[in-house]
Amino acid sequence: IEVEDDDFRVDALSNVKFYGNVSIGGISGTIEVEEGFEKRCGIHNATLRNVSIGNDCLIENVNGYISNYDIADGVFISNVGVMNVQGTPLFGNGTEVAVLNEGGEENVVLYDKLTAQIAQLMLDNKSVRQMALREVSARPRMEHGTIGKGSRIVGLRNMNNVLVGEACDIQGASCLTESTILSSEESPTFIGPDVILESSIVAEGATVTDGAKVYSSFVGESVHVGKGFSSEASVFFANAYMDNGESCAAFCGPFATSHH
């Protein structure tokens, strides 16, 4: 167990169990858990294994455990189940799906740099798909996941092999697995109540909420998926809006809309 602050305050920790290698930054400040409500930083009622924690974080009421995660500065984690990284995953990158050809040969590679133009080229050009796969396979494999600076994770039941970007807000999600959630301070991403996300990529500024189920799909910048919408093997690009219905093997370009 390593602490990085010479003035580390032990009284900011209570009922915490440590396993493996754990490093903790400064925890002398406060963090805003919602508008107008600040709590003192610290770690309470949690089990941590092979975790690094940045400065001024608050981690409380972890019912399961957090394992193999690097948590950046200013992160708030509360009332969660299990957050875990196993093996050396690609976090949803490299997932191949059959688009516009339900049940057919996979023709689009999901990864965190996918655009509508590249996806369109992949449909008819196998070499473009191979290029994307080579780019993904060349990346260094990571044994730890990351939780980006200023992110909030509250009421999450289970998260396995997921990367979380900066300023991401995850509230009450059910199950997040094998995925990448891109987010930034300028374009924060929101993952809301009862969401299931599996083998997918979610881009900056997107909203996935209200019981949406997203499997092997790409959710582009500022895309909204909600109200129980179900997606499988589909791609949605900038500013698309999907509520209530379902999609399978769909290619939805920018500003596509569905309410059925």
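Which residues form a negative surface patch? I began my notebook with this question, and I found that the patch is made up of Glu32, Glu34, Glu35 and Glu38. I keep in mind that I am reading a predicted model. I then looked up where one member of the patch sits, and Glu34 belongs to strand β3, which covers residues 30–34.

Next I turned to Ser23, which I located in strand β2, spanning residues 13–24. I noted its relative accessibility as 14%, so Ser23 counts as buried, since buried means under 20% relative accessible area. When I set aside neighbours within four places in sequence, I found Ser23 in contact with Glu2, Glu4, Val51, Ser52 and Ile53.

My third entry concerns Met159, which I found in strand β12, residues 158–164. Met159 is buried, and its relative accessible area is 0%. Not counting residues up to four places away in sequence, I listed Tyr69, Val82, Met83, Asn84, Ile147, Ile153, Val164 and Leu176 as the residues that Met159 touches. I also looked up its separation from Val80: the two are 79 residues apart in sequence, while their C-alpha atoms are 9.2 Å apart in space.

Last, I looked at Thr88, which lies in the loop between β7 (76–84) and β8 (95–97). With a relative accessible area of 32%, Thr88 is partly exposed. Leaving aside neighbours within four places in sequence, I recorded Arg141, Met142 and Glu143 as its contacts. From Thr88 to Gly145 I noted 57 residues in sequence and 9.4 Å in space, C-alpha to C-alpha.

Technical notes: Residues are numbered from 1 along each chain as its sequence is written. This is a predicted model: local features need pLDDT of at least 70, side-chain atom pairs count only at pLDDT 80 or more; totals for chains, interfaces and linings use all residues. Side-chain values use heavy atoms; hydrogens and water are left out. Patches are made of residues with over 30% relative accessible area and no salt bridge: like charges are joined within 9 Å, nonpolar side chains (Val, Leu, Ile, Met, Phe, Trp, Tyr) within 5 Å. Accessible areas come from the Shrake-Rupley method with a 1.4 Å probe; for residues, only the protein chains shown count as cover. A salt bridge is a side-chain nitrogen of Lys or Arg within 4 Å of a carboxyl oxygen of Asp or Glu. Lys and Arg count as positive and Asp and Glu as negative; His and the chain ends are not counted. The place of a charge is taken as NZ of Lys, CZ of Arg, CG of Asp or CD of Glu. Helices (H or I, at least four residues) and strands (E, at least two) are DSSP runs, numbered from the N terminus. Buried means under 20% relative accessible area, exposed over 50%, partly exposed in between (1.4 Å probe, protein chains only). Contact means heavy atoms within 4.5 Å.
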